[in-house]
Amino acid sequence: MKCKEIEFTSFRNIESEKIEFKDGINVIYGENAQGKTNILEGIYLFARGKSFRAFKDKELINFNSNVGYARMVYESKKGEMELGVEIPKSSQKKFYRNKNKVGKTSEIIGEFRAVLFCPSHLGIIKDSPSVRRKFLDIAISQLRPLYIRMLAKYNAVLENRNAILKMSDEERKAYEGILEVYSEELATLSTDIANMRIEYVKKLDFWVKRYFEEMTDGKELPSITYETNADEADFDSRESLKKKYSDLLKNNIEREIKYGATLYGIHKDDLKIELNGKDARFYSSQGQQRSLALAMKLSEGEISKETSGEYPVFLLDDVLSELDEKRRKYIMSNIKKRQVIITTCESTAFNEVDDVNFVYINNGKLCEAPKTDDEMIENIEE
Ligand code: ATP
Ligand code: MG
């Protein structure tokens with residue numbers, strides 16, 4: 001997968017620019033607040049169907065405009081494709097595939113695939129379980145469209161079931177039959193979603209182990225497992241797992257009524273991330289947590305390749321500068337066979353890397369790079 005070019009009009013602080021990318025390593029550099037992350041945000045919009053950081057789509061439109069546009073040309077093994085998006089202030093954003101309007105945003109998810117790593121992803125290790133579930137959900141959604149539909153169904157049933165659990169005893173009487181139906185639906189969906197997540201986590205564990213083995217010369221051994229209410233034996237068959245979730249929902253109804261919420265099912269699950277047998281949340285150093293998060297993201301790319309036959313585009317927002325030289329070098333040597341788009345304030349960090357395509361951005365505009373001190377001295381000497 002390769003992002004060949006992206007063009008922005010009135011997108012964030014970019015008035016009008018076309019940026020071309022090459023195979024291998026592309027480095028977008030510039031000072032703080034110039035529009036580096038805005039470019040990655042625009043590219044990732046086509047992978048996920050929404051921004052990774054805007055709360056509302058309207059935030060993406062340039063302050064002086066009523067509509068923003070982005071258009072991207074990418075190449076996959078299916079050939080060259082163009083995706084576009086129009087973001088009007090007064091209505092929903094619309095996606096276009098080869099200039100034809102796309103019915104639903106979910107239709108384009110999974111077409112252009114990218115893995116994003118930005119500073120907030122360090123939260124994968126230290127933040128609450130919902131962050132780790134989100135990581136899994138986004139990663140699996142890009143590979144299995146069925147997963148998005150199952151998850152949306154699960155969330156809808158969960159919301160309805162919770163509404164009944166919150167009712168007064170009197171009110172709830174009329175809904176007892178429906179409550180049972182919802183419990184069964186949640187048990188079935190939990191079974192299928194948990195199975196897909198576990199299948200994914202096994203692959204993730206394999207790849208993260210491999211990355212760490214090489215990055216730390218085998219000194220640090222990570223382990224990633226899926227944590228759920230069910231025991232290992234329950235996973236023997238789909239029936240036994242479904243029975244487990246079903247029993248949990250049936251046998252704890254009094255407790256759930258007390259809390260006014262569904263307490264069992266995949267919306268409560270988590271990833272257990274350990275380094276050398278210790279919970280990474282509490283015992284790993286900052287650098288180790290950073291390396292773990294990055295290894296998980298790179299593994300996401302490996303799994304994507306195993307499933308689809310090609311690597312996704314890697315988008316790294318200002319993350320390598322925080323790793324020590326050894327780890328950084330290992331990552332760089334490992335990713336250069338794919339297309340990577342990296343943002344940084346310090347282009348010198350890439351001096352030793354060959355064949356880098358540098359893109360310099362200043363105040364939302366592509367510019368010629370400013371001369372380095374060495375180049376200025378050379379000019380004077382001439
Ligand atoms: P850093 O190195 O600090 O991460 P960056 O180059 O990644 O900086 P971005 O986050 O890409 O910076 O861009 C931030 C700039 O974009 C800010 O100056 C901000 O005011 C501007 N900006 C954000 N949204 C809009 C918008 N809708 N219209 C115009 N400008 C915007
Ligand atoms: Mg930034």
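This report describes the sheets, the helix packing and one serine of a predicted model.

## The antiparallel sheet

One open sheet is built from six strands in the order 2-1-4-5-6-7, and its pairing is antiparallel. Its edges are taken by strand 2 (14-20) and strand 7 (100-101), each of which has a single partner strand, so one side of each is left without a neighbour in the sheet. Within this sheet, strand 1 (residues 2-11) runs antiparallel to strand 4 (residues 67-76), and seven bridges join the two. One position on strand 4 that can be located by its partner is methionine 72, which stands opposite isoleucine 6.

Further along the order, strand 5 and strand 6 pair in the antiparallel sense over four bridges, and they form a hairpin with five residues between them. Here glycine 84 stands opposite tyrosine 96 in strand 6. Tyrosine 96 also stands opposite lysine 101 in strand 7, where strand 6 and strand 7 pair in the antiparallel sense over two bridges. The hairpin of strand 6 and strand 7 has two residues between the strands, and in it asparagine 98 takes a positive phi near 45°.

## Helix 1 on the sheet and against helix 3

Helix 1 (residues 36-48) lies across strand 1, strand 2, strand 4, strand 5 (79-88) and strand 6 (94-97), and its direction is at about 115° to strand 1.

Helix 1 also packs with helix 3 (residues 129-143), at an angle of about 70° and with the axes 10 Å apart, which means that helix 1 is roughly perpendicular to helix 3. Tyr44, Ala47 and Arg48 of helix 1 make this contact with Lys134, Ile138 and Gln142 of helix 3. Sorted by class, the contact of helix 1 with helix 3 has three nonpolar, one polar and two charged residues.

## The mixed sheet and helix 10

A further open sheet of six strands has the order 8-12-13-3-14-15, and its pairing is mixed. Strand 8 (114-117) and strand 15 (365-367) stand at its edges, each with a single partner strand, so one side of each is left without a neighbour in the sheet. From one strand to the next, the twist averages 25°.

At one edge of this sheet, strand 8 pairs with strand 12 (residues 313-317) in the parallel sense over four bridges, and valine 115 stands opposite phenylalanine 314 in strand 12. Helix 10 packs on the sheet, where it touches strand 8 and strand 12, and its direction makes about 175° with that of strand 8.

## Helix 6 and its two partners

Two packed helices are described by the angle between their axes and the distance between the axes. For helix 6 (residues 176-215) and helix 7 (residues 238-251), the axes come within 8 Å and cross at roughly 135°, so helix 6 is oblique to helix 7. The crossing of helix 6 and helix 7 is right-handed. On helix 6 the contact is made by Ser183, Glu184, Leu186, Ala187, Thr188, Ser190, Thr191, Asp192, Ala194 and Asn195, and on helix 7 by Arg238, Leu241, Lys242, Tyr245, Ser246 and Leu249. The residues of this contact of helix 6 with helix 7 divide into six nonpolar, six polar and four charged.

Helix 6 also packs with helix 10, at an angle of about 125° and with the axes 8 Å apart, so helix 6 is oblique to helix 10 as well. The crossing of helix 6 and helix 10 is right-handed. Helix 6 contributes residues including Tyr200, Leu204, Trp207, Val208, Tyr211, Phe212 and Met215 to the contact, while those of helix 10 include Leu292, Ala295, Met296, Leu298, Glu302, Ile303 and Glu306. By class, the contact of helix 6 with helix 10 has 12 nonpolar, three polar and four charged residues.

## Serine 308

Serine 308 is placed in helix 10, which covers residues 286-308. The side chain of serine 308 reaches the backbone oxygen of serine 304 at 2.8 Å. When residues up to four places away in sequence are not counted, serine 308 touches Lys77 and Arg113.

Methods: Residues are numbered from 1 along each chain as its sequence is written. Chains are lettered from A and ligands numbered from 1 in the order in which they are written. This is a predicted model: local features need pLDDT of at least 70, side-chain atom pairs count only at pLDDT 80 or more; totals for chains, interfaces and linings use all residues. Side-chain values use heavy atoms; hydrogens and water are left out. A polar contact is a pair of N or O atoms within 3.5 Å; within protein, one must be able to donate a hydrogen and the other to accept it, and residues adjacent in sequence count only if both atoms are side-chain atoms. Contact means heavy atoms within 4.5 Å. Axes are lines fitted to C-alpha atoms, for helices over the stretch in contact, and angles run from 0 to 180 degrees between N-to-C directions. Angles under 35 degrees count as roughly parallel, over 145 as roughly antiparallel, 65 to 115 as roughly perpendicular and the rest as oblique. A crossing is left-handed if the near helix is turned anticlockwise from the far one by less than a right angle, and right-handed if clockwise. Ala, Val, Leu, Ile, Met, Phe, Trp, Tyr, Cys and Pro count as nonpolar, Asp, Glu, Lys and Arg as charged, and the others, Gly among them, as polar. Two strands pair if DSSP finds at least two bridges between them.
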